[in-house]
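Here are some short exercises on a protein model. Try each task before reading its solution.

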Amino acid sequence: MDESAIKGLKLLQLNEIGAYSRKPRIPWTKISVEGYDTRLREYTVKLVLEKHFASCGKITHIYVPRDFERGILKSVAFMCIKGEGGEEKALLLSGTDAGGWTAIVKPALWQKEIMDPWLPGMPKLETHRVRVTGYDTCVPKIDIQMALCEHFSSCGEVTQVVVLPSGSGSIYLQGERCEDKALKINGCIMGGMNLVVESVLMKPEDLKKRKGRAIITPTGPTGYTSLSCLCKAYELKKKKMEMEMEMEMGEKKKKKKMKIELMKVEKVLKKHMENKKKMDMSTKKRMEMESLEMALF
């Protein structure tokens, strides 16, 4: 056997070994879904589709095109499902009720004519995030996401709902004053549970970007005054009283009375400063834990 034949045989053997060692590819399929109300929000449709087709396999991607000129969704959405027999299982769901509308399912490829056109003149909307706790953690994750999405839909467009195993979630919103509206829901009941809605602390680089925006009033929509605002208020009150004391040096009685009042103010200020320090440390620790959990999640 000549040298070239030996080399060819070795290559054939290596290809055979590679074929046996190669992991089998998991089949996946693309389907199109029609029948939903095109006036719905994009993320709402995505959650409904994710829940309705969960039994078909792992849903890796959902694409819901928009009609930007009319301000509604287009009538067909696309899904990518990974798993054995995903297409057959999905097609069996054609004609079934998907929560108030009938799903029409077809095998499909991505269609260029249905995709969102690139519009360079479209304004980029700022996305805001609020933290939510207090919901029923015994409910399946997808049901929590759908409930929170519906609950916060009046605040603006919900673009994402992240639910963590620890029992805290994040709502991502777009729209005018959406964050302020979301904070007003604090204490509202959802599924028999009281929701706690909090504003997420911004990073220093994010604060620079937000510089110049309108400041929310000290007594916020949740009905309580923040410790930061209390401390500032008492510091201003203290300075004002010190100036008044200097102006009224001749009046001993008034000076004595004001000294007593000043001591009281300093005592209250010290108490608020201590509480603020404890709360800041607790909040920082909690946010670090949540950031780590979100990174692992």
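**Exercise 1. The sheet with β1**

In what order do the four strands of the open sheet that includes β1 lie, and is the pairing parallel or antiparallel?

Solution. The model is a predicted one. Step one: read across the sheet, and the order is β2-β5-β1-β6. The pairing is antiparallel. Step two: find the edges. These are β2, residues 58-63, and β6, residues 104-107, and each of them pairs on one side only. Step three: check the twist. On average, neighbouring strands here are turned by 30 degrees against each other, direction ignored.

**Exercise 2. One pair in detail**

How many bridges join β2 to β5? Which residue of β5 is the bridge partner of H61?

Solution. Strand β5 covers residues 76-82. Five bridges join β2 to β5, and the two run antiparallel. For H61, the partner in β5 is C80. Strands of a sheet pair through backbone hydrogen bonds.

**Exercise 3. The helix across the sheet**

Which strands does helix α2 lie across? Find the salt bridge between K46 and E42 as well.

Solution. Start with the helix: α2 spans residues 42-52. It lies across β1 (28-34), β2 and β5. Its direction makes about 155 degrees with β2. Now turn to the side chains. K46 and E42 form a salt bridge, with 3.2 Å from N to O. That is within the 4 Å cut-off. Why can they be placed about one helical turn apart? Because K46 and E42 are four residues apart in helix α2. The full count for the model is eleven salt bridges.

**Exercise 4. The sheet with β8**

Which strands are the edges of the open sheet ordered β8-β9-β7-β12?

Solution. Four strands make up this sheet, paired antiparallel. The edges are β8 and β12 (196-199), each pairing on one side only. Neighbouring strands are turned by 25 degrees against each other on average, direction ignored. Next, look at one pair. Six bridges join β8 to β9, residues 169-174, and these strands run antiparallel. V163 stands opposite G169 in β9. Finally, add the helix. α4 packs on the sheet and touches β7 (127-133), β8 and β9. Its direction makes about 150 degrees with that of β8.

**Exercise 5. The second largest pocket**

Which element supplies the largest share of the lining of the second largest pocket?

Solution. First take the space: about 410 Å³ lies in this pocket. Then count the lining, which has 20 residues. Y43, K46, E50, T159 and Q160 lie nearest the centre. Now sort by element. α2, β2, α4 (141-151) and β8 (157-163) each supply at least two lining residues. The largest share, seven residues, comes from β8. Last, sort by class: nine are nonpolar, five polar and six charged.

Notes: Residues are numbered from 1 along each chain as its sequence is written. This is a predicted model: local features need pLDDT of at least 70, side-chain atom pairs count only at pLDDT 80 or more; totals for chains, interfaces and linings use all residues. Side-chain values use heavy atoms; hydrogens and water are left out. Two strands pair if DSSP finds at least two bridges between them. Axes are lines fitted to C-alpha atoms, for helices over the stretch in contact, and angles run from 0 to 180 degrees between N-to-C directions. Contact means heavy atoms within 4.5 Å. On a 1 Å grid over the protein atoms alone, a cavity is a set of points where a 1.4 Å probe fits but cannot get out, and a pocket is an open set with protein on both sides within 12 Å along at least five of seven lines; lining residues have an atom within 4 Å of a point. Grid points are joined across faces, edges and corners, and a volume is the space filled by probe spheres set on the points. Ala, Val, Leu, Ile, Met, Phe, Trp, Tyr, Cys and Pro count as nonpolar, Asp, Glu, Lys and Arg as charged, and the others, Gly among them, as polar. A salt bridge is a side-chain nitrogen of Lys or Arg within 4 Å of a carboxyl oxygen of Asp or Glu.
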